Amino acid sequence: MKKVEAIIKPFKLDDVRQALSEIGITGMTATEVKGFGRQKGHTELYRGAEYVIDFLPKVKIELVIVESMVDQCIEAIINAARTGKIGDGKIFVTSVERTVRIRTGEEGEDAI
């Protein structure tokens, strides 16, 4: 099993959810986060004063999937989240050693 974490622009969340749903991935967790990479924030004007916004709003999605779905999952996220502009985000894939469904006690792929 693999855990896929993607940091994306907030307005792309619905597109990514739909793309993942179309390939059969039904469960994910989405969290509002703030961060920056090469984008390094931006400057805004408020009442005549300039403010530097260092941390930009992003959405982090997390899902645990079977290993055979990883490439398809990554491709779906990329196609749905890409705008072609700086700040589109990143995808991280890590191994998951154990998964347990709390309600039933099922483990492994049965618990996903």
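This section describes the strand pairing, helix packing, nonpolar core and salt bridges of a predicted model.

Strand β5 spans residues 56-65. Seven of its ten residues are buried, so β5 is largely enclosed by the rest of the structure. Strand β1, residues 2-8, runs antiparallel to β5, and seven bridges join the two. Strand β2, residues 29-35, also pairs with β5 in the antiparallel sense, over seven bridges. Specific partners can be named in both pairings. Glutamate 5 has glutamate 62 as its bridge partner in β5. Threonine 31 stands opposite lysine 60 of β5.

Glutamate 62 lies in strand β5. Its side chain makes a polar contact of 3.0 Å with the side chain of lysine 3. Beyond its sequence neighbours up to four places away, glutamate 62 touches Lys3, Val4 and Glu5. The same residue also touches Met28, Thr29 and Thr31.

Glutamate 5 belongs to strand β1. With a relative accessibility of 16%, glutamate 5 counts as buried, the cut-off being under 20%. When residues up to four places away in sequence are set aside, glutamate 5 touches Lys60, Ile61, Glu62, Lys90, Ile91 and Phe92. With one of these, lysine 60, glutamate 5 shares a side-chain polar contact of 3.1 Å. This pair also meets the criterion for a salt bridge, at 3.1 Å from N to O. Lysine 60 lies in β5 and glutamate 5 in β1, so the pair ties together parts that are 55 residues apart in sequence. The two partners differ in burial class. Lysine 60 is partly exposed, at 25% relative accessible area, whereas glutamate 5 is buried.

Side chains of opposite charge can pair when their charged atoms come close. Across the whole structure, six salt bridges are found. Among them is the pair of lysine 12 and aspartate 15, with the closest N and O atoms 3.7 Å apart. Lysine 12 is buried, at 13% relative accessible area. Aspartate 15 is partly exposed, at 38%. Another salt bridge links arginine 101 to glutamate 106, and here the closest N and O atoms are 2.8 Å apart. Both partners are partly exposed. Arginine 101 has a relative accessibility of 26%, and glutamate 106 has a relative accessible area of 33%.

Helix α1 covers residues 13-22. Val16, Ala19 and Leu20 are buried in this helix. These residues cover an arc of only 95° around the axis, which puts them on the same side of α1. An α-helix has 3.6 residues a turn, so residues three or four places apart point the same way. On the other side of α1, Asp14 and Glu22 are exposed. The buried residues of α1 pack against β1, β5 and α2.

Glutamate 22 is exposed, with 60% relative accessibility; the class requires over 50%. Just after α1, glycine 24 takes a positive phi of about 95°. Glutamate 22 and valine 33 are eleven residues apart in sequence, and their C-alpha atoms are 25 Å apart in space.

The largest nonpolar core contains 18 residues. Val16, Leu20, Ile61, Leu63, Ile65, Cys73 and Ile77 have the most contacts inside this core. Elements giving two or more residues to the core are β1, α1, β5 and α2, the last spanning residues 70-81. Helix α2 gives the largest share, six residues. Valine 16 illustrates the contacts made from α1. Leaving aside residues up to four places away in sequence, valine 16 touches Ile8, Ile61, Ile77, Ala80 and Ala81.

Strand β5 thus recurs in several of these arrangements. It pairs with β1 and with β2. It is one of the elements against which the buried residues of α1 pack. It also gives two or more residues to the largest nonpolar core.

How values were computed. Residues are numbered from 1 along each chain as its sequence is written. This is a predicted model: local features need pLDDT of at least 70, side-chain atom pairs count only at pLDDT 80 or more; totals for chains, interfaces and linings use all residues. Side-chain values use heavy atoms; hydrogens and water are left out. A salt bridge is a side-chain nitrogen of Lys or Arg within 4 Å of a carboxyl oxygen of Asp or Glu. Helices (H or I, at least four residues) and strands (E, at least two) are DSSP runs, numbered from the N terminus. Buried means under 20% relative accessible area, exposed over 50%, partly exposed in between (1.4 Å probe, protein chains only). A polar contact is a pair of N or O atoms within 3.5 Å; within protein, one must be able to donate a hydrogen and the other to accept it, and residues adjacent in sequence count only if both atoms are side-chain atoms. Contact means heavy atoms within 4.5 Å. A nonpolar core is a set of buried Ala, Val, Leu, Ile, Met, Phe, Trp, Tyr and Cys residues joined through side-chain atoms within 4.5 Å. The arc is that of the directions from the helix axis to the C-beta atoms. Two strands pair if DSSP finds at least two bridges between them.
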